[in-house]
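Please look through the structure below before reading on. The paragraphs after it start with one term and then go from the whole chain to single residues.

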Amino acid sequence: MDLNIKSPLVLDFYQQTLKALAGYGAKIVRLDAFAYAPKEVGAKNFLNDPGTWDFLQQITDMAQPYGVALLPEIHASYEEGTYKIIAQKGYMVYDFFLPGLVLDAFEQKSGEKLAAWANEILQSGMKTVNMLGCHDGIPVLDLKGLLPEERIQSLIDTLVKRGGFVKDLHGAKNVYYQVNATYYSALGEDDRRMLLARALQLFMPGKPQVWYLDLFAGKNDYAAMERAGAGGHKEINRTNLSKEAMAAALEKPVVQRQLELLKLRAACPVFQEGAAITVKAEGSTLTMAWEKGGQIAALKADLADASFTLTVVDEATGKEVYSMKQ
């Protein structure tokens with residue numbers, strides 16, 4: 001956002017960067033805060049139309065020879081429908097809705113809204129990259145129009161009670177943007193909820209992105225915030241882990257079982273693009289299933305107590321090839 005995108009030197013810098021990343025083996029490149037890049041005198045400084053989309057196409061043309069797909073990071077409320085435009089233009093959608101929807105599902109003891117979003121993804125055919133926590137905290141602006149306003153505020157209040165800090169949009173008070181917290185702390189530092197949240201993410205349509213502190217069940221880092229000073233909220237979820245801290249965390253069952261789920265998602269033939277996916281919600285029960293490659297993977301969860309049963313079955317023989325319960 002701080003560069004002159006009309007400068008040939010800047011455009012050459014972008015091209016060389018894409019080439020270098022592709023050379024390192026990158027297949028997807030995230031375009032951070034992308035919608036702030038194109039600016040015009042007298043126009044707004046975010047999501048200018050057609051400037052944003054014209055420039056995105058320009059970067060796409062640069063990336064194409066290197067076989068790199070682009071993931072434009074654009075935060076906007078659900079009701080604005082920007083995610084639809086991104087999908088219609090053929091790009092992957094950054095699923096900033098999922099983190100809040102999972103938290104809301106636990107608090108409301110209902111998977112209705114989460115299931116509705118999953119089915120919208122499936123019915124529209126959009127490609128998504130999803131997440132739970134990330135370096136920027138938990139998105140809440142994005143939920144506007146997807147959840148009732150009072151539920152969004154209730155969720156924010158709950159996360160703050162659990163030690164999170166609200167980041168307002170451009171410093172404007174009462175215009176919520178995100179809550180800075182680790183996802184584990186946002187879940188009340190509850191191992192059962194953390195494991196189920198990961199299972200839900202891995203059964204959602206889309207490509208899962210994993211933030212390292214979530215994986216290690218990281219707690220809010222208030223000391224890092226204090227060291228960062230004013231405006232340093234994001235450091236709450238950016239702890240630099242030592243080898244010793246990682247080794248200790250790897251002994252925790254919640255960490256081991258998350259890793260087990262990630263290995264399952266990576267290795268099982270059922271979790272492939274083009275799988276038949278179904279998501280249903282009834283009361284506090286949420287059921288998700290994938291069918292592909294001669295296997296059926298099913299997750300049945302109770303959001304009231306974070307219990308779940310996860311199975312992978314061989315379709316031809318009916319034999320269970322994997323199971324996990326809590």
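A residue is called buried when its relative accessible area is under 20%, exposed when that area is over 50%, and partly exposed in between. The model shown here is predicted.

Start with the chain as a whole. The protein chain contains 12 helices and 13 strands. Along the principal axes, its C-alpha trace spans about 60 × 45 × 45 Å. A compact globule of 326 residues would have a radius of gyration near 20 Å, and the protein chain agrees with this because its own value is 20 Å. Of the 326 residues in the protein chain, 49% are buried.

Contacts along the chain come next. Take the contacts in the protein chain between residues at least 6 apart in sequence: 63% of these join residues at least 24 apart. The outside can be described by area and by charge. About 15,500 Å² of the protein chain is exposed, and carbon and sulfur atoms supply 52% of that area. The protein chain has 35 positive and 39 negative charges, and the mean positions of the two groups are 2 Å apart.

Now turn to helix 4, which runs over residues 98-108. How many of its 11 residues are buried? The number is nine, and the helix is mostly covered. The buried residues of helix 4 include Leu 98, Pro 99 and Gly 100. Leu 101, Val 102 and Leu 103 are also among them, as are Asp 104, Ala 105 and Phe 106. In an α-helix, residues three or four places apart point the same way, because there are 3.6 residues a turn. After helix 4 comes Lys 109, with a positive phi near 55°.

The backbone has further points to look at. Most residues other than glycine have a negative phi, and most peptide bonds are trans. Leu 47 has a positive phi near 55° and is not a glycine. Leu 47 lies in the loop between strand 1 and helix 2. Is Leu 47 buried or exposed? Leu 47 has a relative accessible area of 12%, so it is buried. Pro 50 is found in the loop between strand 1 (28-31) and helix 2 (51-63). The peptide bond that joins Asp 49 and Pro 50 is cis, with omega at about 15°. Ala 217 is another residue with a positive phi, about 55°, although it is not a glycine. The loop that holds Ala 217 is between helix 9 (212-215) and helix 10 (222-228). Ala 217 counts as buried because its relative accessibility is 4%.

Helix 2 also holds Leu 56. The relative accessible area of Leu 56 is 0%, and therefore Leu 56 is buried. Which residues touch Leu 56, leaving aside its neighbours within four places in sequence? Leu 56 is in contact with Leu 31, Phe 34, Pro 72 and Tyr 91. Between the C-alpha atoms of Leu 56 and Ala 87 there are 13 Å, and the two residues are 31 residues apart along the chain.

Gly 206 sits in the loop between helix 8 (191-203) and strand 8 (207-208). With a relative accessible area of 25%, Gly 206 is partly exposed. Not counting residues up to four places away in sequence, Gly 206 touches Thr 128, Asn 130 and Arg 265. In sequence, Gly 206 and Phe 271 are 65 residues apart; in space, C-alpha to C-alpha, they are 10 Å apart.

Gln 295 belongs to strand 11 (residues 295-302). Its relative accessibility is 11%, so Gln 295 counts as buried. Leaving aside neighbours within four places in sequence, the contacts of Gln 295 include Cys 268, Pro 269 and Val 270. Trp 290, Val 312 and Val 313 are also among the residues in contact with Gln 295, and so are Glu 315 and Val 321.

Cys 268 leads to a last topic, the cysteines. Cys 268 counts as buried because its relative accessibility is 13%. Cys 134 is buried as well, with a relative accessible area of 7%. How many disulfides does the structure hold? The structure holds zero disulfides.

Technical notes
Residues numbered from 1 in each chain as written. Predicted model: local features only at pLDDT ≥ 70, side-chain atom pairs only at ≥ 80, totals over all residues. Heavy atoms only, no water. Buried < 20%, exposed > 50% of the residue type's maximum accessible area, 1.4 Å probe, protein only. Helix = DSSP H or I, 4+ residues; strand = E, 2+ residues; numbered from the N terminus. Disulfide = S-S within 2.5 Å. Rg over C-alpha atoms; globule rule 2.2 N^0.38 Å. Contact = heavy atoms within 4.5 Å. Areas by Shrake-Rupley, 256 points an atom, 1.4 Å probe, with all protein chains shown as cover. Lys, Arg positive; Asp, Glu negative; His and termini not counted. Charge placed at Lys NZ, Arg CZ, Asp CG, Glu CD.
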